[in-house]
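I opened my notebook to look up a few things: the pockets and cavities, the cysteines, and one strand with its partners. Here is what I wrote down as I went.

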Amino acid sequence: MDVIVTATPELKGEIGALSSKNYTTRYLLVAALAEGTSTIHFPAHSEDSDAMRRCIRDLGAILEEDDEKIVITGFGSKPVDVKELNVGNAGAVLRFLMAIAALCPEVTFVNTYPDSLGKRPHDDLITSLGQLGVEVEHQNGRLPITIRGGQPRGGKITVSGSVSSQYLSALLFLTPLLEEDSEITVLHDLKSKVVVGQTLEVLAQAGITIEASEDLMTYKVPGRQKYVAQSYTVQGDYPGSAAVLAAAAVTKSDVIIHRLPVESKQGEKAVVDVLQMMQVPLTHENDVVHVKGTGILKAVEFDGDAATDAVLAMVAAAVFAEGTSRFYNVENLRYKECDRITDYLTELRKAGANVEERQAEIIVHGRPEGVEGGVTIDAHYDHRVIMALSIVGLRAKQPIVIRDAHHVAKSYPQYFDHIQALGANIEWVQG
């Protein structure tokens, strides 16, 4: 399906933010590891969180769900003796549960996505589980993977952080349940420190005590801890909300988004600071962002490294700013669903934007008068590119057609419903 985006001078209204999948996945796991009943309010629905729901149920958790919450009765430190688990294509879920499966006698994680997750190696976590006395059978570090555990032992553990922070998070979920105290040392570099901060935040909310060094490279974990059954509220998702906030910034607007905590540990929260630097009139208090856009923006310079998933939306806003904006330290955008620098800027140019690229930079020469539009552009099957291009269409003189826009559903299925509800001129057409 394609969408036609037609110039929209004003946006007005209130929406609740999309729920964060990172927090949903972690809350599901800590609820399962608690004895007793936990409630998770506003859980996200995504491939990852649906895989975690399925697997914790297989491990013995009881789930009851309605539109706004999930009630989970956990299995504590004693999952049922299950033979197989299927995480689908969800890498984070696989890694977290490889550690928890160490509490079971023998579990095989099956390989249902041989061309995707099935190609990704997990050697760093396998090595660390071996230090706990867990035997792991695997195919050169890849699925299918069989965990033979039952009696994992704490102690001194090392884990590499250079490929993924998910291996470390997996150990942080498991080690509090072991008889012995543990010390975890991260080797090499640690990717995605922001996300490790989210893991530690959720563990603390679940009643778990962990002493982390300031640089997040060493951890002291007391053993014999119990997860406490709690009530959790999943916070809104800043990466998805970045596009809605940018849309409000480039139009005359009066837009309110709920459930975006001021104290969030999501790196993409920086979108609020960047829009303020661009002199967009907005307030952010009591978990509510209120944008009163004038459509007038000033250029900005921003280090995008910690806010990767919000950069494309900020670039779209900068297309209409006075002056030249620069987003630097963003090379990792090249290694996503598409090359989010070259591919995205190619489409922006077709729409009439004046943009340049470097290996790790995006430079935007603003056009406050708007862009021409009147073209069909290709979003390269990338949900973030689709959202960002739709923002540009709001200020284009002629309508813009975005091809294959239904791929927005990977992260934000209701995105077009939400901006239509605020007044955006959007029309779906058969591609």
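Before sorting any lining, I fixed my classes: Ala, Val, Leu, Ile, Met, Phe, Trp, Tyr, Cys and Pro count as nonpolar, Asp, Glu, Lys and Arg as charged, and the others, Gly among them, as polar. I also reminded myself that this is a predicted model.

**Entry 1: the second largest pocket.** I looked up its volume and got about 390 Å³. Its lining has 19 residues, and Ser77, Leu103, Leu177, Leu178 and Glu179 lie nearest the centre. How does the lining of this pocket divide into nonpolar, polar and charged? I found seven nonpolar, five polar and seven charged residues.

**Entry 2: enclosed space.** I then searched the whole structure for cavities of 30 Å³ or more, and one turned up. The largest cavity holds about 60 Å³ of space. I listed the residues around the largest cavity: Pro239, Ala242, Ala243, Asp309, Ala310, Leu312, Ala313, Arg384, Met387 and Ala388. Which helices each supply at least two residues of this lining? They are α7 (238–249), α9 (311–318) and α11 (383–393). By class, I noted eight nonpolar residues, two charged ones and no polar ones around the largest cavity.

**Entry 3: cysteines.** How many disulfides does a search of the whole structure find? The count came back as zero. I checked cysteine 55, and the nearest cysteine sulfur belongs to cysteine 104, 11 Å away. Cysteine 104 is likewise in no disulfide, with the sulfur of cysteine 55 as its nearest. A disulfide needs the two sulfur atoms within 2.5 Å, so I closed that question.

Are these two cysteines buried or exposed? Cysteine 55 has a relative accessible area of 0%, so I marked it buried. Cysteine 104 is buried too, at 0% relative accessibility.

**Entry 4: strand β1.** I moved on to β1, residues 2–6, and found it mostly covered, with four of its five residues buried. Which strands does β1 pair with? One partner is β30 (residues 425–429), antiparallel to β1 and joined to it over five bridges. Another is β29 (residues 400–403), also antiparallel, with three bridges to β1.

I picked isoleucine 4 to follow across both pairings. Its bridge partner in β30 is glutamate 427, while in β29 its partner is valine 401. I added a general reminder for reading side chains here: in a regular strand they alternate between the two faces of the sheet.

Methods
Residues numbered from 1 in each chain as written. Predicted model: local features only at pLDDT ≥ 70, side-chain atom pairs only at ≥ 80, totals over all residues. Heavy atoms only, no water. Buried < 20%, exposed > 50% of the residue type's maximum accessible area, 1.4 Å probe, protein only. Pairing = 2+ DSSP bridges. 1 Å grid on protein atoms, 1.4 Å probe; cavity = no way out; pocket = protein on both sides within 12 Å on 5 of 7 lines; lining within 4 Å. Points joined across faces, edges and corners; volume = space filled by probe spheres on them.
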